[in-house]
Amino acid sequence: MAIVLASVGIEGSAASGNVTPGLPASLVLGDILVCLWHTSDQGAGSMDAAWTQIVQGNGGGTTSRIAAWWRRYDGTDPSRLITHTAGQTPIAGIA
C-alpha cells in the first residue's frame, strides 16, 4: 500500500512562546501523523510523550531551530501543544 497525504491540519503559530497545531480532518485509526515545527531562534521545543521525536536541531547558525515528531492515530487526541521556553515566531503543522 502506498503512502498518501490525506490532509493537513490548521497551522499553529505565534509571535513567541507555545503553539498548538490543528489535527487533520477525517482521521482513520492507524493513520500516521507527522508534526513539523520551526522557530526563529535556538530554543528547544517539546511535545506530549504520546508523540515520538524524529529530529530536532539548529538551523542556519543561531537563527533557527526545527523539529519533527510522529505518532500513529489511535482514536485519542493527546495534547498537541508544543512548548517553547523562549524565542520568536514559532510555527507548526500536522499532516
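## A walk through an all-strand chain

Residues 24 or more positions apart supply 66% of the contacts in the protein chain, counting those with a separation of 6 or more. That is a good place to start with this predicted model, and the secondary structure comes next. The protein chain has seven strands and zero helices, so the pattern read along the sequence is simply β-β-β-β-β-β-β. For the 95 residues of the protein chain the globule rule gives 12 Å, and the radius of gyration is close to that at 13 Å, so the chain is as compact as a globular protein of that length. If you lay the C-alpha trace along its principal axes, the spans are about 40 × 25 × 20 Å.

Now let us turn to the surface. Of the 95 residues in the protein chain, 33% count as buried. The accessible surface adds up to about 5400 Å², and carbon and sulfur atoms own 59% of that area.

A concrete case of a long-range pairing sits ahead of the strands. G9 is found in the segment before β1, and A92 follows 83 residues away in sequence, yet the two C-alpha atoms are 9.7 Å apart in space. Leaving aside residues up to four places away in sequence, G9 touches G22, L23, P24 and I94. Is G9 buried or exposed? G9 is buried, because its relative accessible area of 13% is under the 20% cut-off.

Next, the charges. The protein chain carries 4 positive and 6 negative side chains, and 5 Å separates the centres of the two sets. How many salt bridges does the structure hold? There are two. One of them joins the side chains of R71 and D74, with an N to O distance of 3.3 Å. The partners of this bridge sit in different settings: R71 counts as buried at 7% relative accessibility, whereas D74 counts as partly exposed at 46%. Another salt bridge links R80 with D77, where the closest N and O atoms are 3.0 Å apart. D77 is partly exposed, its relative accessible area being 45%.

Finally, have a look at the backbone. Most residues other than glycine have a negative phi, so it is worth stopping wherever the sign is reversed. S26 is one such place: its phi is near 55°, a positive value in a residue other than glycine. Where does S26 lie? S26 belongs to the loop between β1 (12-13) and β2 (32-39). With a relative accessible area of 68%, S26 is exposed, because that value is over 50%.

T89 offers another example. T89 is not a glycine, and still its phi is positive, at about 40°. This residue, too, is in a loop, the one between β6 (83-84) and β7 (91-94). T89 counts as partly exposed, with 37% relative accessibility.

To see these features in the viewer, you could begin at G9 and its contacts G22, L23, P24 and I94, go on to the salt bridges of R71 with D74 and of R80 with D77, and end at the loop residues S26 and T89.

Definitions and conventions. Residues are numbered from 1 along each chain as its sequence is written. This is a predicted model: local features need pLDDT of at least 70, side-chain atom pairs count only at pLDDT 80 or more; totals for chains, interfaces and linings use all residues. Side-chain values use heavy atoms; hydrogens and water are left out. Helices (H or I, at least four residues) and strands (E, at least two) are DSSP runs, numbered from the N terminus. The radius of gyration is taken over C-alpha atoms; the globule rule is 2.2 Å times the number of residues to the power 0.38. Buried means under 20% relative accessible area, exposed over 50%, partly exposed in between (1.4 Å probe, protein chains only). Contact means heavy atoms within 4.5 Å. Accessible areas come from the Shrake-Rupley method with a 1.4 Å probe; for residues, only the protein chains shown count as cover. Lys and Arg count as positive and Asp and Glu as negative; His and the chain ends are not counted. The place of a charge is taken as NZ of Lys, CZ of Arg, CG of Asp or CD of Glu. A salt bridge is a side-chain nitrogen of Lys or Arg within 4 Å of a carboxyl oxygen of Asp or Glu.
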